[in-house]
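Please look at the sequence and the model below before reading on. The paragraphs that follow go from the sheet to its helices, then to single residues.

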Amino acid sequence: MNPSYKDYMLKSTDHPRETVEWCIHYSFNSQDTTNPRVFLIGDSICNGYAGPSVEKIEKFCNLTYWASSKCVTDTFYLRELDFYLDYFPYDVICFNNGLHSIYSNREEWTEAYRMAVDFIMAKVPNAKLYLTLCTPLKDPKLTAVSAEMNEIIKATATERGLDIIDMFTPMDVLDREKYWTDCYHFNAEAKAIQSDIIADAVKKALNNKSANISHAESETGPDGAIK
């Protein structure tokens, strides 16, 4: 039976929406529904490493990603996630939600995060699900908050028998002045490191089996031809 996202929502939330809410969704090789596909779920950090990840995993699987500003406590979060989970059959899912939740009520976020994980597991039970840790920030105080949230993510992974993708530790040792473009975001070199981490996890989940996928281009993308 197809689970309803409504059964995994908070009964109430104090979370205020941001002044600007946004989401970005790309599906590469969208006509291919037979080869393996990975689904990256996250925020602007995900949007940053998704592009470089395509070339690194294209011999193994296709890539879909949904990046959103919404905190998991938002009443529309699971409604939107449900839509994208229905888009394709997924073999690997990498789930992250955190940086837009730094100022959220921590108890609410913890409950909503865990229910979101449970929803994904119920909705796509045959997919390999990774919980992706939040990245550190340029501000040490905010980095500490990110680290605290990551402990909740790690505990959730342990409770549910899931693996994590550690995006925190490799980034935290980097030079803030060299690799960060602002408090939250990274330059191309750091994004390449993050995409390597994603590619390694995807390849491991697929047992390094090459699918020999031929990636098609599009002339109608928002930025012109997508290669």
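A residue is called buried when its relative accessible area is under 20%. By that cut-off, both faces of strand 4 are covered in this predicted model. Val92 and Cys94 are buried on one side, and Ile93 and Phe95 are buried on the other. In a regular strand the side chains alternate between the two faces of the sheet.

Strand 4 belongs to an open sheet of six strands, in the order 1-3-2-4-5-6 and with mixed pairing. The edges are taken by strand 1 (23–27) and strand 6 (163–165). Each of these has a single partner strand, so one side of each is left without a neighbour in the sheet. From one strand to the next, the twist averages 20 degrees.

Which strands flank strand 4 in the order of the sheet? They are strand 2 and strand 5. Strand 2 (residues 37–42) runs parallel to strand 4 (residues 92–95), and four bridges join the two. Leu40 of this pairing stands opposite Cys94 in strand 4, while Ile41 has Phe95 as its bridge partner. Strand 5 also pairs with strand 4 in the parallel sense, over four bridges. There, Val92 stands opposite Lys128 in strand 5. Strands of a sheet pair through backbone hydrogen bonds, either parallel or antiparallel.

The residues of strand 4 also appear in the account of the core. The largest nonpolar core has 72 residues, and those with the most contacts inside it are Leu40, Leu81, Ile93 and Phe95. Helix 3 (residues 106–123) gives the most to this core, with eight residues. In soluble globular proteins, nonpolar side chains tend to be buried together. Not counting residues up to four places away in sequence, Phe95 touches Ile41, Val72, Tyr77, Tyr113, Ala116, Val117, Ile120, Leu129, Tyr130, Leu131 and Thr132.

Tyr77 leads on to helix 2. Seven of the nine residues of this helix are buried, so helix 2 is largely enclosed by the rest of the structure. The buried ones are Tyr77, Leu78, Glu80, Leu81, Asp82, Tyr84 and Leu85. They pack against strand 1, strand 2, strand 3, strand 4 and helix 3.

Just before helix 2 in the chain comes the loop that links strand 3 (62–68) to helix 2 (77–85), and Ser69 is placed there. Is Ser69 buried or exposed? Its relative accessible area is 1%, so Ser69 is buried. The side chain of Ser69 makes a polar contact with the side chain of Glu21, at 2.4 Å. Apart from neighbours within four places in sequence, Ser69 is in contact with Glu18, Val20, Glu21, Trp22 and His100.

Helix 4 (residues 140–160) lies across strand 5 (128–132) and strand 6, and runs at about 160 degrees to strand 5. Ser146 lies in helix 4 and, at 0% relative accessibility, counts as buried. Leaving aside neighbours within four places in sequence, the contacts of Ser146 are Leu99, Cys134, Thr135, Pro136, Leu137 and Phe168.

The loop between strand 1 and strand 2 holds Asn29. Most residues other than glycine have a negative phi, and most peptide bonds are trans. Asn29 has a phi near 55 degrees, a positive value in a residue other than glycine. Because the relative accessibility of Asn29 is 12%, Asn29 counts as buried.

How many disulfides are there? The count comes to zero. Cys61 is in no disulfide, and the nearest cysteine sulfur, that of Cys94, is 9.0 Å away. Cys61 is buried, with a relative accessible area of 1%. For Cys183, the closest cysteine sulfur is that of Cys134, and the distance of 13 Å is too far for a bond. Cys183 counts as partly exposed, at 25% relative accessibility.

The last stop is strand 7 (residues 218–221), where Glu219 is placed. Glu219 is exposed, with a relative accessible area of 75%. Glu219 and Arg160 are 59 residues apart in sequence, and their C-alpha atoms are 42 Å apart in space.

Note on methods
Residues are numbered from 1 along each chain as its sequence is written. This is a predicted model: local features need pLDDT of at least 70, side-chain atom pairs count only at pLDDT 80 or more; totals for chains, interfaces and linings use all residues. Side-chain values use heavy atoms; hydrogens and water are left out. Buried means under 20% relative accessible area, exposed over 50%, partly exposed in between (1.4 Å probe, protein chains only). A polar contact is a pair of N or O atoms within 3.5 Å; within protein, one must be able to donate a hydrogen and the other to accept it, and residues adjacent in sequence count only if both atoms are side-chain atoms. Contact means heavy atoms within 4.5 Å. Two strands pair if DSSP finds at least two bridges between them. Axes are lines fitted to C-alpha atoms, for helices over the stretch in contact, and angles run from 0 to 180 degrees between N-to-C directions. A nonpolar core is a set of buried Ala, Val, Leu, Ile, Met, Phe, Trp, Tyr and Cys residues joined through side-chain atoms within 4.5 Å. A disulfide is a pair of cysteine sulfur atoms within 2.5 Å.
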